[in-house]
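Work through the exercises below with the model open beside you. Try each task before you read its solution.

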Amino acid sequence: MEPTDAAALIERAREALDAAYVPYSEYRVGAAVLTADSEVFTGCNVENANYSNALHAEEVAVGSAVRAGHRSIAAVAVTSGERDGVTPCGMCRQTLAEFGDDDVPVYCDTGDGEYNEYTLGELIPDTITPGTLGIDPDDA
């Protein structure tokens, strides 16, 4: 998959919605991350009665990619059952920034083949990075 294939990446995020576990909010979210070497990993939100223990779709997708040995994200797509253009929350933005550069496109599904496009740097400027903490990114 090419990084510019937003529609295909959004479709993969939509497919992930079916597995969402959302008995409390009933707000399903799906995400897909495209790695630098063109593999796609998806995730859905998984809620918990202790709300702070909920997993966000973007975190699940990134965690799956990292577990498979990937450390670089080339693109991200996020969707919800509402097709309301949902963007990653601040916590997810920071997680994405750990593995993606400022220019990584983030596609936010608005339905009917339409989407809003941002860059990760637009969504979270001046993020905390390994370099901010004095850590060599290659050692992270």
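**Exercise 1. Locate aspartate 126 and describe its backbone and its exposure.**

Step 1. In this predicted model, aspartate 126 sits in the segment after helix 4.
Step 2. Look at its backbone. Aspartate 126 has a positive phi of about 50°, although it is not a glycine.
Step 3. Now take the accessibility. The relative value for aspartate 126 is 79%. The cut-off for exposed is over 50%. Aspartate 126 therefore counts as exposed.

**Exercise 2. Do the same for arginine 83: where does it lie, and is it buried, partly exposed or exposed?**

Step 1. Arginine 83 belongs to the loop between strand 3 and helix 3.
Step 2. Its phi is positive, about 50°, and arginine 83 is not a glycine.
Step 3. The relative accessible area of arginine 83 is 28%. Partly exposed covers values between the 20% and 50% cut-offs. So arginine 83 is partly exposed.

**Exercise 3. Find the buried residues of helix 1 and say how they are arranged around its axis.**

Step 1. Helix 1 spans residues 6–16, and its buried residues are Ala6, Leu9, Ile10, Ala13 and Ala16.
Step 2. Seen down the axis, these residues fall within an arc of 110°, so they line one face of helix 1.
Step 3. Recall the geometry. An α-helix has 3.6 residues a turn, so residues three or four places apart point the same way.
Step 4. Ask what lies over that face. The cover of the buried residues of helix 1 includes strand 1, strand 2, strand 3, strand 4 (105–111) and strand 5 (114–119).

**Exercise 4. Repeat the analysis for helix 3: which residues are buried, and what covers them?**

Step 1. Helix 3 covers residues 90–99; Cys92, Arg93, Leu96 and Ala97 are its buried residues.
Step 2. Their arc around the axis is only 140°, which puts them on the same side of helix 3.
Step 3. Among the elements that cover them are strand 1 (29–35), helix 2 (57–67), strand 3 (73–80) and helix 4 (120–123).

**Exercise 5. Describe how strand 1 and strand 2 pair, and what happens between them.**

Step 1. The two strands run antiparallel, and 5 bridges join strand 1 to strand 2.
Step 2. Pick one bridge. Leucine 34 has valine 40 of strand 2 as its partner.
Step 3. Go to the hairpin turn. There are 4 residues between the strands, and serine 38 takes a positive phi near 70°.
Step 4. Check how covered strand 2 is. Strand 2 runs over residues 40–44, and 4 of its 5 residues are buried.

**Exercise 6. Place asparagine 45 and list what it touches.**

Step 1. Asparagine 45 is in the loop between strand 2 and helix 2.
Step 2. Its relative accessible area is 8%. Buried means under 20%. Asparagine 45 is therefore buried.
Step 3. Leave out residues up to four places away in sequence. Asparagine 45 then touches Ala20, Tyr21, Val22, Tyr27, Arg28, Val29, Leu55, His56 and Ala57.
Step 4. Compare two distances. Asparagine 45 and alanine 74 are 29 residues apart in sequence and 21 Å apart in space, C-alpha to C-alpha.

**Exercise 7. Survey the pockets: what are their volumes, and which residues line them?**

Step 1. The volume of the largest pocket is about 430 Å³.
Step 2. Its lining has 18 residues; Arg71, Ala97, Glu98, Phe99 and Gly100 lie nearest the centre.
Step 3. Helix 3 gives the most to this lining, with 3 residues.
Step 4. Sort the lining of the largest pocket by class: 9 nonpolar, 4 polar and 5 charged residues.
Step 5. Turn to the second largest pocket. Its space is about 180 Å³.
Step 6. This second pocket is lined by 14 residues, with Val29, Asn45, His56, Ala57 and Glu58 nearest its centre. Its lining divides into 9 nonpolar, 3 polar and 2 charged residues.

**Exercise 8. How many cavities of 30 Å³ or more are there, and what lines the largest cavity?**

Step 1. A search of the whole structure gives 1 cavity of 30 Å³ or more.
Step 2. About 40 Å³ of space lies in the largest cavity.
Step 3. The lining of the largest cavity consists of Thr35, Val62, Ala65, Val66, His70, Arg71, Ser72, Ile73 and Phe99.
Step 4. Helix 2 supplies the largest share of this lining, 3 residues.
Step 5. By class, the lining of the largest cavity has 5 nonpolar, 3 polar and 1 charged.

Definitions and conventions. Residues are numbered from 1 along each chain as its sequence is written. This is a predicted model: local features need pLDDT of at least 70, side-chain atom pairs count only at pLDDT 80 or more; totals for chains, interfaces and linings use all residues. Side-chain values use heavy atoms; hydrogens and water are left out. Buried means under 20% relative accessible area, exposed over 50%, partly exposed in between (1.4 Å probe, protein chains only). The arc is that of the directions from the helix axis to the C-beta atoms. Contact means heavy atoms within 4.5 Å. On a 1 Å grid over the protein atoms alone, a cavity is a set of points where a 1.4 Å probe fits but cannot get out, and a pocket is an open set with protein on both sides within 12 Å along at least five of seven lines; lining residues have an atom within 4 Å of a point. Grid points are joined across faces, edges and corners, and a volume is the space filled by probe spheres set on the points. Ala, Val, Leu, Ile, Met, Phe, Trp, Tyr, Cys and Pro count as nonpolar, Asp, Glu, Lys and Arg as charged, and the others, Gly among them, as polar. Two strands pair if DSSP finds at least two bridges between them.
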